[in-house]
Each structure stands twice: as C-alpha cells, then as structure tokens.
Amino acid sequence: MICISKLSVVSLTFLALASLASADSLLVGFNTQTPLQVYSLGGVYQQDFGPTGASAGVEQNGLLYVAQPNTSGPTTTLISALNGAQQVVSSFSFPDLISDGAPGPNGTLWLSGYDGTVYNVSTTGTVLSSFNTGYTNIGIASNGSILYTTEGDTSDGIDTRNASGAIQSTVHTGLTSLYGIAYEGSNSSLYAGTFSYVYDLSLSGSIITTLD
C-alpha cells in the first residue's frame, strides 16, 4: 500500500520517450519518496526514471520535465528537464509545491499545485496564465485542448475545464481521493491514481480496468 500524507499525491502522465518504452507507459510518482516509476498500461513495472523525491513528470518536446517539491523547506519545486539518458538538460525553480503536470499548448507545461492552483508555464518557468480550482491535492491532464482535473481529498469528481479554468462538466466516479491523472488518447480514457490503486476510467467516469 502506498502511504500518502495530506499534501502528497500519486501523479500520472504518459511517457513517449522511445529510449524508455516501446509503447505508451504510465509514469507514476509515489509520495515524493522515490524516483518516478514507469509501468506498462497493464501495470507491469518497467524501470525507475529521474531523481528521488519526484512527484510528477511531463513529456514535452522530447524531454521529461520532472517535478521535485521541497516539502521540508521553502515552498518551491525544482523542475528539471531530463533526456532519455536521464541527463539534466535544464532546470528552473518554481515558487509553489507542484503535485502533477501535463503537456501544454505550444510546447508549454501545465502544472498543478498542492493548493489547487493550476499554472500554464513556459519550459523556463515563466507563468503564462493560472487559475484556482478550489480543491487541494489535485491532478491535471489534457487531451490537447480540454483540461481534466481531479478534486483531490474533497470528492470523487473529475472536472472538464477549458484553458481558462472554467468547468464545462463534472463526472462522478464513486472513487474518493483521486489525485494524479493522465489522458490516454488511443481509447479516449483517463488514468487516475488513489492511495494504492490506479484506475483506467471512461470519460463518463466508469471503471475500465483497476491496477494494484
């Protein structure tokens, strides 16, 4: 079982680096205690990736941007861009604790904070826009135009939003404490993580597959 404290999350995203996996994979962060871990879509462990203490990773422009929240000091997160050889290409310090992320438009990043704020930032850390979801410990995913955000500890809901953060619709999954989330394009589904399980969900919120 994954033990998750109040400010911690399970973070998911898809990793498309050919040197890591031959097909789409799940990238999972465990309570900022380990490196990111790569799993097949069937839940088979493949490898660790990146530094210890990571909460999330975002694949963008052939690099993986890894978030390492500083949970014991100043409220900052180190975001490092790693190549397929796990070499740091660039990095920046972001002034919030980041729980999850997703690819953004025009080569940017979506980042979600522990406090529920969502940021669209450049790959050098410049904030281009932001909005507050009203929830804490949330995850964020995108299908390229639509955002999906979880409601963390508060509810079983997944909110569909536009790029400005306005809620377009909400689906209720019956699963409490949904944290990190990822969009899977091949079958238009969502992967969402709780304390110890990852669920593949339809866009209507029904469970397709459960991974332990």
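## Pairing, and where it shows up

Two strands count as paired here if DSSP finds at least two bridges between them. This is a predicted model, so take what follows in that spirit.

With that in hand, look at β17 and β18: in β18, Ser189 is the bridge partner of Glu184. The two strands, β17 at residues 181–184 and β18 at residues 189–193, run antiparallel and are joined by 4 bridges. They make a hairpin with 4 residues between them. In that turn, Ser188 has a positive phi of about 50 degrees.

## The four-stranded sheet

The hairpin belongs to an open sheet of 4 strands, ordered β17-β18-β19-β20, with antiparallel pairing. At the edges sit β17 and β20 (207–211), each pairing on one side only. From one strand to the next, the twist averages 20 degrees.

Over at the β20 end, 4 bridges tie β19 (residues 198–202) to β20, again antiparallel. Leu201 stands opposite Ile207 of β20.

## Both faces of β17

Side chains in a regular strand alternate between the two faces of the sheet. So what covers β17, one face or both? Both faces are covered: Ile181 and Tyr183 are buried on one side, and Ala182 and Glu184 are buried on the other.

## Ser80, elsewhere in the chain

Now to strand β7 (residues 77–82), which holds Ser80. Its relative accessible area is 4%, so Ser80 is buried, the cut-off for that being under 20%. Leaving out residues up to four places away in sequence, Ser80 touches Leu64, Tyr65, Val66 and Gln68, along with Val88, Ser90 and Ser91.

Key: Residues are numbered from 1 along each chain as its sequence is written. This is a predicted model: local features need pLDDT of at least 70, side-chain atom pairs count only at pLDDT 80 or more; totals for chains, interfaces and linings use all residues. Side-chain values use heavy atoms; hydrogens and water are left out. Buried means under 20% relative accessible area, exposed over 50%, partly exposed in between (1.4 Å probe, protein chains only). Contact means heavy atoms within 4.5 Å. Axes are lines fitted to C-alpha atoms, for helices over the stretch in contact, and angles run from 0 to 180 degrees between N-to-C directions.
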